[in-house]
There are 2 protein chains.
Amino acid sequence: MSLVVVGSVAYDGVETPHGRVERMLGGAATYISLAASFFTRPRLVGIVGDDFAEEDRQLLASRGVDLEGLERVPGKTFFWAGKYSADMNDRETLTTELNVFADFNPKLPESYRKEPYLLLGNIQPALQRSVRAQMNCLRLAGGDTMNFWIKDYREELLATIAEWDFLLINDSEARLLSGEANLRKAAPRILAMGPHTLVIKRGEYGAILFREDSYFIVPGYLLEDVFDPTGAGDCFAGGFIGYLAEQGFDLKSGRIGRSDLSRAVIYGSVMGSFCCERFGVDRFRELTRAEIDARFEEFRKFTSF
Amino acid sequence: MSLVVVGSVAYDGVETPHGRVERMLGGAATYISLAASFFTRPRLVGIVGDDFAEEDRQLLASRGVDLEGLERVPGKTFFWAGKYSADMNDRETLTTELNVFADFNPKLPESYRKEPYLLLGNIQPALQRSVRAQMNCLRLAGGDTMNFWIKDYREELLATIAEWDFLLINDSEARLLSGEANLRKAAPRILAMGPHTLVIKRGEYGAILFREDSYFIVPGYLLEDVFDPTGAGDCFAGGFIGYLAEQGFDLKSGRIGRSDLSRAVIYGSVMGSFCCERFGVDRFRELTRAEIDARFEEFRKFTSF
């Protein structure tokens, strides 16, 4: 049973205190798919231009990512460039060239529509909604969004997430969406919007999982060097949904519980931490499932008492 | 077996988004002693002026704090006033009047000198060192410091903490002391300065315990309302050392291990979280050990997977 991933496939230019890369594979759907590929078979829905490199396609294919849904059209692939602050907690966007992504209107291949798992990367909420409507046998669906949609497309976004099982956003987005600065107060307001599960990502400080009757907090992994945080949040999403898909959780069966979701949050944290260890997607070229499971156990060790 | 606590006893003026108090009991030794009093019998060493109110002395006494070491001299008690930002993560000092605290030269009552546990609140490093030298039967000693001493009294501070078992500081202090922005790299440098145990406090994000061969991370407790964070770090220290004193840990016997210290970090976090629920020391007037132990179990629940 596979996972459908929808979102941007891009080229990124990134500058961090550890160095600078002019152009490398990026985009939310890329990071989500690569991270999820260690758990399940992601089927990617996205759009690229005719400049999309064969070696990048091959990297995704080599990780088992199904690319039937990756549309290739004349023009240039989405390009983003940014520069991180010395402490990596802030970044400045230097360039955003939507290119072919501006007209992205995701149409799912027929074979994707019966898949049980769906992860909607951060795109226009109406597009996220149209993708969900194309899926016929969903067991678990959710996704990400961002400040821009929360502020300027609020009604569309609310209609979209009302149909989701889970929402994965960061702390500032949770505050903006709920109108509440305190996260413990923000969470019930967001859960009242539809999703039964809310994951609030806190960057280097980890993540919080909220459900109606309980919550779970994981601290961030202490990396010795953060080379490039780009994509870490998407890799979190990929690890989270990837693990749930691997386990075959079916919401309707009622089998999915807090402890399953907590383990999914840990796998999300693990994948986000690996992402930061190299520039772009580089860490995923060599990463093994054994390393992933070892870091999962490391999380247990440094949080148990 | 008791704990000797050294540090400031003060009056504080505090303004937070939840309100304003012109003058209330405060000071590091006050918060440390009150928090520790739920676990052991703290014996306080400090100095106050003749304006120190009988009701404040009685509050400490009612919690079982031994006040033989609280010197009372002509003049005014140390006064500090500050104002917190809307998100409580920053505060501005409005007033610092050292008053009688300017001439604090701690002399321990004879009966204090054979106690096994010592917590040195944030005061001039040479004074911390002189206190430690007055103790004859120490099992476990450590304390806190601050940016000012790290920057301007570095040599004195290094000589002082070289004799400590543990150091409790916040993340910005750890960065300043080690000269290393990354906490995982900062920790071994600080441990090389003497203490076998380092606790880095991260405010709302919790704390990290570092030892030579392992580390433990606890996320912060999610409070619905942070009324007043003043003293939370000191209450963390009080809970940490209070639990270790209650358990009777003896470093020399080798019985103290990572899991004992991890539980101490949780009790520290519990006491810090209660501190923030009311202005000043108010939460400790009614708090019970049952509430403390219930919150300890809550930490286990929201961090276990």
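**Exercises on a predicted two-chain model**

Chain B is superposed on chain A by a rotation of 180° with 0.0 Å of shift along its axis, at an RMSD of 0.0 Å. The model is predicted.

**Exercise 1.** Determine which symmetry relation links chain B to chain A, and which residue of chain B comes closest to the rotation axis.

*Solution.*
1. In general, two copies of a chain are related by a rotation about an axis and a shift along it.
2. Here the rotation is 180° and the shift is 0.0 Å; that is the relation of a two-fold axis.
3. The C-alpha atom of B:Pro219 lies at 2.7 Å from this axis, the closest approach among the residues of chain B.
4. The same surface serves both copies, since 100% of the contact residues of chain B recur in chain A.

**Exercise 2.** Describe the side of chain B that touches chain A by its residues and elements.

*Solution.*
1. Chain B and chain A each bring 22 residues to the contact.
2. On the side of chain B, two or more residues come from each of helix H7 (183-191), strand S13 (214-218), helix H9 (258-275) and helix H11 (289-303).
3. H9(B) gives the most, with four residues.
4. By class, this side of chain B holds 12 nonpolar, five polar and five charged residues.

**Exercise 3.** Establish where the buried residues of helix H7 of chain A lie on the helix, and what covers them.

*Solution.*
1. The buried residues of H7(A), which spans residues 183-191, are A:Leu183, A:Ala186, A:Ala187 and A:Ile190.
2. Viewed down the axis of H7(A), these residues fall within an arc of 105°, so they line one face of the helix.
3. Their cover includes strand S10 (166-170), helix H6 (171-178), strand S11 (197-201) and strand S12 (207-211) of chain A.

**Exercise 4.** Characterise the packing of helices H9 and H11 of chain A.

*Solution.*
1. The two helices pack at an angle of about 115°, and their axes are 9 Å apart.
2. The crossing of H9(A) past H11(A) is right-handed.
3. H9(A) contributes A:Ile266, A:Tyr267, A:Ser269, A:Val270 and A:Ser273, while H11(A) contributes A:Ile292, A:Arg295, A:Phe296 and A:Phe299.
4. These contact residues divide into six nonpolar, two polar and one charged.

**Exercise 5.** Decide whether A:Gly239 is buried or exposed, and identify its contacts beyond four places in sequence.

*Solution.*
1. A:Gly239 belongs to helix H8 (residues 232-247) of chain A.
2. A residue is buried if 20 or more other C-beta atoms lie within 10 Å of its own; A:Gly239 has 29, and is therefore buried.
3. Its contacts outside that sequence window are A:Ala35, A:Tyr267, A:Gly268, A:Val270 and A:Met271.
4. The C-alpha atom of A:Gly239 is separated by 7.6 Å from that of A:Phe39, 200 residues apart along the chain.

Terms used: Residues are numbered from 1 along each chain as its sequence is written. Chains are lettered from A and ligands numbered from 1 in the order in which they are written. This is a predicted model: local features need pLDDT of at least 70, side-chain atom pairs count only at pLDDT 80 or more; totals for chains, interfaces and linings use all residues. A residue is buried if 20 or more other C-beta atoms lie within 10 Å of its own, exposed if 12 or fewer, and partly exposed in between; C-beta atoms are placed from the backbone. The arc is that of the directions from the helix axis to the C-beta atoms. Two residues are in contact if their C-beta atoms, placed from the backbone, lie within 7 Å. Copies are superposed by least squares on the C-alpha atoms of residues with pLDDT of at least 70 in both. Ala, Val, Leu, Ile, Met, Phe, Trp, Tyr, Cys and Pro count as nonpolar, Asp, Glu, Lys and Arg as charged, and the others, Gly among them, as polar. Axes are lines fitted to C-alpha atoms, for helices over the stretch in contact, and angles run from 0 to 180 degrees between N-to-C directions. A crossing is left-handed if the near helix is turned anticlockwise from the far one by less than a right angle, and right-handed if clockwise.
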